[in-house]
Amino acid sequence: MTIEKNNIAEKFLLDIHTHSLINGHAYGTIHEMAYAAKEKGLELLGISEHGPGIPGTCEPIYFSNLAMAPRKLYGVNIMYGCEINVLNDGTLSLQKYLDCLDYAIVGIHSMYYENAGIEKNTENVISCMKNEKVFFVSHPDDDHTPLNYERLVLAAKKNHVALELNNSSLIKQDQRWNCVENYKKMLSLCQQFEVPVIVNSDAHAPEYVGRFSEAIELLTEMGFNQNLLLNTSIEKFKKFINA
C-alpha cells in the first residue's frame with residue numbers, strides 16, 4: 001500500500017527520536033515534549049538524548065537511572081533511548097548503560113567523527129548496527145560523511161535495524177549535503193529489499209515534536225510502501241524492538 005498524503009499523517013502514532021533540555025542543546029523539558037506529543041495526537045514518544053561526545057549532553061549516569069523516569073505523561077506512553085555516536089573505530093560512544101535503554105539509535109555526527117570515506121564510513125555504521133540494543137540508524141543522509149546506501153540497506157536487513165527518515169534534515173537541507181537525493185536513493189533500496197523505515201522529527205523543542213510534513217511529502221512523491229513504516233502501529237514498533 002503506497003502512501004496517500006491526505007491520510008498518512010494521522011496514522012503516524014509515534015516519534016521516537018526527540019531531545020529534551022537534558023540534552024544540553026535542546027529547549028523543552030520531558031513534560032513539555034510529552035504535552036506537545038499529546039497535542040499532535042501521538043500515542044508514544046521516545047526521548048533519546050545524545051550519548052557521550054556531543055558538547056553539553058548529559059553524563060552517562062543519566063541513562064543508568066531511567067527506571068525512575070516517567071513512563072506515561074498526559075496519556076502518552078514514554079520510552080527512553082539514546083542517540084549514540086558512531087566512532088571512527090566502528091564502536092559506540094556509549095557502552096556501559098546500553099541495557100538501561102529501551103532502544104539505541106546510532107548515527108554519525110561530524111563534530112565527533114572524522115570523515116573516513118564512503119566505504120569506511122559505511123563499515124563503521126554497520127559495525128555499530130551489530131549491537132543487540134541498536135535498532136535504528138539516525139539521519140543517514142549527509143554527504144559530509146557519505147555512505148554506500150546499498151551496503152547500508154542490506155546490512156540493516158541482516159541486522160534487524162530500521163533506517164531513519166529524519167524530518168529535521170529535510171528542514172535544514174542547507175546543512176545536510178545532498179540529503180534529499182540520498183534519501184531517495186536509500187528509500188528506493190528499502191522498498192526493493194523490504195527494509196523497515198522509521199520517520200522521526202529529531203525535535204529539539206516541543207513545537208517540532210511530531211512534525212513529519214517534509215518527510216511525508218517525500219514519501220508521497222516516491223509512492224513509498226507504507227507497510228514498511230514503523231510509525232503506523234505501536235504494536236509493530238514494540239515488536240520490532242523486542243519490547
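**Figure 1. The lining of the largest cavity in this predicted model mixes five nonpolar, seven polar and three charged residues.** Welcome to the first close-up of a structure that is a predicted model. The largest cavity has 15 lining residues, and those that lie nearest its centre are Ile108, His139, Asp142, Thr145 and Arg176. Its volume is about 120 Å³. How many cavities of 30 Å³ or more are there? The count comes to one.

**Figure 2. The largest pocket holds about 570 Å³ of space.** In this view, 27 residues line the largest pocket. Nearest the centre of the pocket lie Ser168, Lys172, Gln175, Asp202 and His204. Which element gives the most to this lining? That is helix 6, residues 167-171, which contributes four residues. By residue class, the pocket lining divides into 12 polar, nine nonpolar and six charged residues.

**Figure 3. Asparagine 182 is a buried residue of the predicted model.** Here we look into helix 7, which covers residues 179-193 and includes asparagine 182. Is asparagine 182 buried or exposed? Asparagine 182 counts as buried because its relative accessible area is 4%, and the cut-off for a buried residue is under 20%. Setting aside neighbours within four places in sequence, asparagine 182 is in contact with three aspartates, Asp141, Asp142 and Asp143, and also with Tyr149 and Trp177. One of these partners, Asp142, may be familiar from the first view, where Asp142 is among the residues that lie nearest the centre of the largest cavity.

**Figure 4. Valine 197, in strand 8, has a relative accessibility of 0%.** Strand 8 is made up of residues 197-200. With 0% relative accessibility, valine 197 counts as buried. Which residues does valine 197 contact, leaving aside its neighbours within four places in sequence? The leucines on the list are Leu163, Leu165, Leu187, Leu228, Leu229 and Leu230. Ala162, Cys190, Phe224 and Asn231 are in contact with valine 197 as well. For a sense of distance, leucine 154 is 43 residues from valine 197 along the chain, and their C-alpha atoms are separated by 13 Å.

**Figure 5. Glycine 210 and aspartate 15 are 195 residues apart in sequence but 6.0 Å apart in space.** The distance runs from C-alpha to C-alpha. Glycine 210 sits in the loop between strand 8 and helix 8, the latter being residues 213-222. Although glycine 210 lies in a loop, its relative accessible area is 14%, so it is classed as buried. Which residues does glycine 210 touch, not counting those up to four places away in sequence? They are Asp15, Lys40, Leu42 and Ser201.

**Figure 6. Leucine 94 is a buried residue in a loop between two strands.** The loop in question runs between strand 4 and strand 5, and strand 5 covers residues 103-107. At 3% relative accessibility, leucine 94 counts as buried. Leaving aside neighbours within four places in sequence, its contacts include two prolines, Pro52 and Pro60. Phe63, Cys82, Ile84 and Leu101 are in contact with leucine 94 too. Tyrosine 113, at 19 residues from leucine 94 in sequence, is 14 Å away in space, C-alpha to C-alpha.

**Figure 7. Tyrosine 74 and asparagine 242 have positive phi values although neither is a glycine.** Tyrosine 74 has a phi of about 55°. Tyrosine 74 belongs to the loop between strand 3 (72-73) and strand 4 (76-85). Its relative accessibility is 42%, so tyrosine 74 counts as partly exposed. For asparagine 242, phi is near 55°. Where does asparagine 242 lie? Asparagine 242 is found in the segment after helix 9, residues 234-240. With a relative accessible area of 60%, asparagine 242 is exposed.

**Figure 8. To place the close-ups in context, the whole protein has nine helices and eight strands.** Along its principal axes, the C-alpha trace spans about 45 × 40 × 35 Å. The radius of gyration is 16 Å, which agrees with the value near 18 Å for a compact globule of 243 residues. Of the 243 residues, 56% are buried. Among contacts between residues at least 6 apart in sequence, 77% join residues at least 24 apart. The accessible surface comes to about 10,600 Å², with 49% belonging to carbon and sulfur atoms.

Note on methods: Residues numbered from 1 in each chain as written. Predicted model: local features only at pLDDT ≥ 70, side-chain atom pairs only at ≥ 80, totals over all residues. Heavy atoms only, no water. 1 Å grid on protein atoms, 1.4 Å probe; cavity = no way out; pocket = protein on both sides within 12 Å on 5 of 7 lines; lining within 4 Å. Points joined across faces, edges and corners; volume = space filled by probe spheres on them. Nonpolar A, V, L, I, M, F, W, Y, C, P; charged D, E, K, R; others polar. Rg over C-alpha atoms; globule rule 2.2 N^0.38 Å. Buried < 20%, exposed > 50% of the residue type's maximum accessible area, 1.4 Å probe, protein only. Contact = heavy atoms within 4.5 Å. Areas by Shrake-Rupley, 256 points an atom, 1.4 Å probe, with all protein chains shown as cover.
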